[in-house]
Amino acid sequence: MASAKKEETDLWDLLKDLAKNWKIMVPCIFVAGIIGVFIAFWIRPVYKVDALLQIESKSNKSVGMMGGLPSLFASSSPAETEIELIKSRHIIGEAVEKMHLQYTATPVNSLDRLLHREGRMEISRFEVPWTLIPKNEKIVPWIAEATDSTTFNLYDHNNKLVLSGSVGNTYHFPYAGDTAVFCVHRMEATAGQKFELQELNRLDAIAAFKKAFDIKEKGKKTGILEFSYQDIYPDRATQILNEIATSYLRQNVEQRNAEAQKTLEFLEKQLPAVKEQMDSSLLKFNTYRNKVGSVDIGAETQIILEKRNVLQQKLLDLQQKKQSAIRLFQPEHPTIKTLEEQENNLKRELANNTAATKRLPNTQQEVLKLTNEVDMSKHMYTTMLNNIQQLKLVSAGEVGSVRIIDFAEEVSRPMKPKKSMIIFAMLFLGLLTGATFVTLRSKFSNGVRDANFIERETGFSVYAKVPKGNPNGTKGTRPLAVVEPDDVAVESIRALRSSLEFSMEEGSSPTIGVSGLIPGVGKSFISVNLAALYAGLGKKVLLIDADLRKGRLHKEFGIKRGKGLSQILLGEATVDEVIHNTEVDNLFIMQCGTVPPNPSELLGSKHYASMISELEKSYDLIIVDTPPIMLVTDAALACRVVSQIVMVIEYNKHSIDAIKDGMTQLLKGNSNAHASFVINKYEHGHSDGYGYKYGKY
């Protein structure tokens with residue numbers, strides 16, 4: 001509970017500190033906002049288009065029980081393989097070359113970019129003999145400048161005009177002892193708009209494309225791929241993405257069709273040889289029959305012949321299955337072993353059939369042999385023709401394993417920049433920067449803020465902590481203590497008066513010296529209002545302006561500058577001539593007078609001490625307002641005749657060493673005086689408890 005309360009207190013103090021330093025916070029936030037607006041409008045709008053593709057998993061292969069187990073434990077999705085294929089240079093490189101993405105034309109006018117009215121130029125040819133140009137000159141880009149909506153001028157790296165042309169034409173022109181080629185196929189620009197031209201090598205163009213291109217699988221193992229591409233032109237992004245999709249689809253179909261094409265080519269090459277073999281077998285059979293005449297084939301021979309043909313066809317089909325299985329499985333796989341066992345069984349049956357054939361007469365054996373060769377060659381030829389027709393149908397009807405679900409469509413709203421988000425982020429950054437600066441300034445400031453620390457280090461008490469208030473001691477010609485007696489600053493000075501009353505010893509000199517470390521700490525404010533508060537008690541009070549160099553107390557009371565303390569000490573005037581009445585009862589003022597040539601000598605003279613002694617007889621209290629002690633020794637000389645010394649210091653302004661040194665200087669000539677501090681312009685924190693927030697009684 002206590003920790004939460006402390007955190008709340010610290011946060012409240014921080015907010016108050018930021019509010020007090022609004023002169024720092026407001027510029028930081030304002031500048032950050034301006035920068036945010038500039039960045040939001042400077043960034044070119046980027047459009048994102050997307051397309052959807054489906055990966056179809058086709059598997060027509062039959063596997064054995066053991067062969068199918070790996071697929072059950074497969075952790076990778078077919079889409080992962082396809083994604084890597086799409087990201088390959090083979091696919092992307094083709095799209096880069098077709099869309100001429102290796103050539104760039106970047107607008108260069110800053111104002112047009114800020115106002116979002118940049119022109120557009122797309123080039124399809126930009127071939128320059130770079131090898132003949134010095135390397136240091138290649139750093140400077142070529143420039144194309146639009147002369148109107150359809151024509152342009154081309155300048156090289158030396159800003160030399162090399163070509164004047166129009167959109168849609170390809171130009172070949174001599175350059176650097178060789179030929180350069182340039183073509184603009186699209187331009188949307190006004191006269192005077194310029195473009196920096198660049199030609200990327202193929203790998204750099206592909207790398208740049210990959211930064212704007214993304215592909216991922218939607219969901220987990222769905223087989224749905226989402227393509228996306230970002231570009232500053234939505235129509236070009238749409239064309240590029242659709243080109244990638246169609247290119248991938250086309251290559252996928254070609255890849256799946258490649259195996260069928262290779263098999264078809266092989267069969268078509270073997271077909272003439274098989275036909276020649278069939279013709280040769282048929283010719284041999286006819287020749288033999290013509291030679292021996294008609295031969296009757298008995299029932300037994302017919303059975304043997306048919307059985308042999310069936311066994312040979314089965315063996316041929318089994319060997320084809322075995323060759324297909326070998327491409328899928330290892331030799332020790334059960335599927336291969338089963339096919340080998342079946343093949344051996346068929347071979348044994350063929351061997352038995354051959355043995356039965358040898359028991360027939362020689363003529364029938366020869367007829368059987370020739371008939372078997374004719375039947376087998378016809379079967380092979382017919383089978384090959386059927387396979388060729390099937391492969392042609394497969395090749396013609398192959399659609400691949402990919403289909404495009406959604407083509408990319410042109411969008412109207414840019415994906416980025418998010419202008420409002422950028423501006424709010426920069427405003428927050430400005431707030432954070434200002435808060436950091438205020439906090440660091442507070443943390444690393446040498447100024448002392450703790451009254452207890454001052455008392456502990458110096459040994460002198462802090463009698464009052466006066467909050468920020470009226471910078472002058474008076475309002476008009478009357479002290480603040482008279483005009484607004486309930487002001488919080490006046491209450492603090494009233495506490496100072498009480499502390500001084502308690503500390504005065506019986507019979508001591510009724511003279512108080514008020515000084516400060518440096519100008520601007522508010523010592524005159526304290527002096528004027530302290531004198532007014534004492535006068536309010538019915539005491540006859542004299543306020544002496546002992547700052548002979550830059551005294552200003554006469555201005556506080558609306559008195560014209562004239563003779564004063566300096567004239568008394570020079571013997572040019574009497575005390576009665578320089579003391580003025582004020583609008584406050586019982587309060588009198590002695591102004592500083594004109595600036596003398598030797599202020600320190602006058603304040604250190606016996607005449608000054610004797611004058612104070614004489615005045616103490618006529619007044620109940622004398623308050624001497626002295627110059628800053630850190631600038632001149634006048635303050636120490638003026639305070640050597642007082643009984644109370646009040647040093648005014650500004651909150652968070654002075655180091656403890658400066659405070660100690662200042663008090664030491666004041667007490668050099670009057671070590672018996674009672675010294676104390678007043679912290680002016682004090683900033684009350686939440687930790688001060690009730691503080692001074694009670695307002696008026």
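**Figure 1. One cavity turns up in this predicted model.** Search the whole structure for cavities of 30 Å³ or more and you get one. The largest cavity has a volume of about 40 Å³. Its lining is made up of Pro107, Val108 and Asn109, then Asp112, Glu118 and Gly119, and finally Gln193, Lys194 and Phe195. Sorted by class, that lining holds three nonpolar, three polar and three charged residues.

**Figure 2. Helix 8 keeps its buried residues on the same side.** Helix 8 runs through residues 202-212, and here Ala205, Ile206, Phe209 and Ala212 are buried. Around the axis these residues cover an arc of only 120°, so they sit on the same side of helix 8. The spacing has a simple background: an α-helix has 3.6 residues a turn, so residues three or four places apart point the same way. Now look at the face turned away from the buried side: Leu203 and Lys211 are the exposed residues there. At the start of helix 8, asparagine 201 has a side-chain oxygen that comes within 3.2 Å of the backbone nitrogen of leucine 203.

**Figure 3. Helix 14 lines one face with buried residues.** In this helix, residues 451-458, the view picks out Ala451, Ile454 and Thr458, which are buried. Looking down the axis of helix 14, you find its buried residues within an arc of 60°, so one face of the helix is lined by them. What lies over these buried residues? The cover includes strand 13 (461-467), strand 21 (644-650), helix 24 (656-667) and strand 22 (674-682). Both ends of the helix deserve a glance too. At the start of helix 14, a side-chain oxygen of aspartate 450 gets to within 3.1 Å of the backbone nitrogen of asparagine 452. After the helix comes glycine 459, with a positive phi near 85°.

**Figure 4. Methionine 99 meets residues from elsewhere in the chain.** You'll find methionine 99 in the loop between helix 5 (89-98) and strand 2 (103-107). Leaving aside residues up to four places away in sequence, methionine 99 touches Gln239, Ile240 and Glu243. Take isoleucine 240 as an example: it is 141 residues from methionine 99 along the chain, yet the two C-alpha atoms are 6.8 Å apart.

**Figure 5. A cis peptide bond leads into proline 417.** Where does proline 417 sit? It belongs to the loop between strand 12 (402-406) and helix 13 (419-444). The bond to look for is the one from lysine 416 to proline 417, which is cis, with omega near 10°. As a yardstick, most peptide bonds are trans.

**Figure 6. Alanine 176 and asparagine 586 each have a positive phi.** For context, most residues other than glycine have a negative phi. Alanine 176 has a positive phi, near 50°, and its place is the loop between strand 7 (170-175) and strand 8 (178-188). Is alanine 176 buried, exposed or partly exposed? With a relative accessible area of 38%, alanine 176 is partly exposed, because that value falls between the 20% limit for buried and the 50% limit for exposed. Asparagine 586, also not a glycine, has a positive phi of about 70°. It lies in the loop between strand 18 (579-581) and strand 19 (587-590). At 32% relative accessibility, asparagine 586 counts as partly exposed.

Notes: Residues are numbered from 1 along each chain as its sequence is written. This is a predicted model: local features need pLDDT of at least 70, side-chain atom pairs count only at pLDDT 80 or more; totals for chains, interfaces and linings use all residues. Side-chain values use heavy atoms; hydrogens and water are left out. Buried means under 20% relative accessible area, exposed over 50%, partly exposed in between (1.4 Å probe, protein chains only). Helices (H or I, at least four residues) and strands (E, at least two) are DSSP runs, numbered from the N terminus. The arc is that of the directions from the helix axis to the C-beta atoms. Contact means heavy atoms within 4.5 Å. A polar contact is a pair of N or O atoms within 3.5 Å; within protein, one must be able to donate a hydrogen and the other to accept it, and residues adjacent in sequence count only if both atoms are side-chain atoms. On a 1 Å grid over the protein atoms alone, a cavity is a set of points where a 1.4 Å probe fits but cannot get out, and a pocket is an open set with protein on both sides within 12 Å along at least five of seven lines; lining residues have an atom within 4 Å of a point. Grid points are joined across faces, edges and corners, and a volume is the space filled by probe spheres set on the points. Ala, Val, Leu, Ile, Met, Phe, Trp, Tyr, Cys and Pro count as nonpolar, Asp, Glu, Lys and Arg as charged, and the others, Gly among them, as polar.
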